[in-house]
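Work through the exercises below with the sequence and the coordinates at hand. Each task is followed by a solution in steps.

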Amino acid sequence: MKPGFVQTENFRRLKDAEKLVARRGASEAGLVIVRGVFGVGKSKLTERWAAESGYVFIRAKETYTKRALLDELADAMGLAKGGRNIEVQGRIIAKVGVDMVPIIVDEADHLVRSTASLLEVLRDITDVTGCMCFLVGMEHFPMKVARYGHIASRVAKVVEFETLSIGDIRATVNAKASLGSEPNAPALPMDEDVVAEIHKQCSGRMRLALNAIANIEGWAHANGWKKVTLADIKGKALCTEFSGKPLGVSANRVK
Amino acid sequence: MTPALKPVEELRWVASAVLQALAERGKGKGDTFTAADLLAWVPALSAGAKRTNATTRLVGLGLLTYRQGFDADTADLQGTYTVTAAGAEAIQAAKAGKAHKSGPKRPHGNRPQSASAFSTQLWRLVRARRLLDAKEAAETLVDAGDDVKKAEQHASKLFRRWELTGHLAASKQRVHRVGTSNGHKRYVLINDCGPMPPQSPSKKTA
């Protein structure tokens, strides 16, 4: 498979949302929620975006306390972590207020537990500075935030990371499928039916689509295929299959 | 022998002209003079603000010191310039015919890094991931179809450099081993120096 990043529709959606929120009316509504199911490439897209843009990037963790969140933000901005919470937060607000560099928090689900105290810490920063904060979470994250009306009202936009479209799969196949991993390895063309089959079997998830392409490349290499047609892969599982008897269900109930 | 002073219209390097005039009069460390003395020695300095420019520059460089005084007879303010030790050396150099030139006095440091440079983007990714190898970095930062291999080599080079400066540590486990390839070293961030990538020690100043 050829190496490299594929700019999917989700990546473009993320960049469009950023432009849209930058022109928002209420400056205190600086929170942007990015949600998506697993395997669509949320983290990879976010990392690329953060590296390109130079935004402050942190990855929330299950063990986070308010202090840990402030410490990590201070670290990411190159600020001193000494002093009380209010002092560290003051330094962060001053830095964000001057630079106006947005903050990206990956795995933001960890910010909402029985209370939203960690989200409140971020809300304080965005309220005072009017800076954007992108919260990247799983599909149910917006519902968790919606429990807290005063925070939900500050969400400027919810960006939906959709499962990959057939166009994304086609772009990925064209960019990556090859007979070898070298950059100059010959491309491995695939019929439109094959692309559709990959899209169907991977359920629109990038992680599975890449596995499917790698599997097809392996078969093409072994069988000397120069082009892949639907007949070549008919009946084959392109991605990992989870089959068999569900756990905790007795044999006579499984039909 | 001190070179002769140029006529008014050609006198461009005014600070140098003052040093030459002081050299001609055998001035050394601790000797004093006034602005009026200077204008008498170098009449060309009376044009525009050349005298002020020259003395301000020499005071700024630490070759002269200035002290505001008061003339009791005329009730005028009268400043006095004193030649410093560095000034005495500069006068000796002027005497030997060495012109005092503007410009950098020591080697340049490293060039400032661009925010969109590959090294800056790679450093941001290292800070986000904490643990990274060159292949994964190149695959994230460079689009498929572009020169990913070259980016991978560049990333490897930068990782090695940052390891030498003590910001990264190489993991014992190598990754992406395929066939006869040894794979790639994984690097762990151990010293986060902030949002901009670490500067390698400049060859000129090292």
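**Exercise 1.** Leaving aside its neighbours within four places in sequence, with which residues is Lys42(A) in contact?

*Solution.* This is a predicted model, in which local features need pLDDT of at least 70, side-chain atom pairs count only at pLDDT 80 or more, and totals for chains, interfaces and linings use all residues. Residues are numbered from 1 along each chain as its sequence is written, chains are lettered from A and ligands numbered from 1 in the order in which they are written, and side-chain values use heavy atoms, with hydrogens and water left out. Taking contact as heavy atoms within 4.5 Å, the partners of Lys42(A) are Arg35(A), Gly36(A), Val37(A), Val136(A), Gly137(A), Met138(A) and Phe161(A).

**Exercise 2.** Place Lys42(A) in its element, and state which side chain of opposite charge is nearest.

*Solution.* Lys42(A) belongs to helix α2 (residues 42-53) of chain A, a helix being a DSSP run of H or I with at least four residues, numbered from the N terminus. Lys42(A) is buried, that is, under 20% relative accessible area (1.4 Å probe, protein chains only). The nearest side chain of opposite charge is Glu107(A), 6.8 Å away, and Lys42(A) has no salt bridge, a term for a side-chain nitrogen of Lys or Arg within 4 Å of a carboxyl oxygen of Asp or Glu.

**Exercise 3.** Describe how much of chain B is buried, and how its contacts are spread along the sequence.

*Solution.* Of the 206 residues of chain B, 36% are buried. Among its contacts between residues at least 6 apart in sequence, 57% link residues at least 24 apart.

Methods:
Helices (H or I, at least four residues) and strands (E, at least two) are DSSP runs, numbered from the N terminus. Buried means under 20% relative accessible area, exposed over 50%, partly exposed in between (1.4 Å probe, protein chains only). Lys and Arg count as positive and Asp and Glu as negative; His and the chain ends are not counted.
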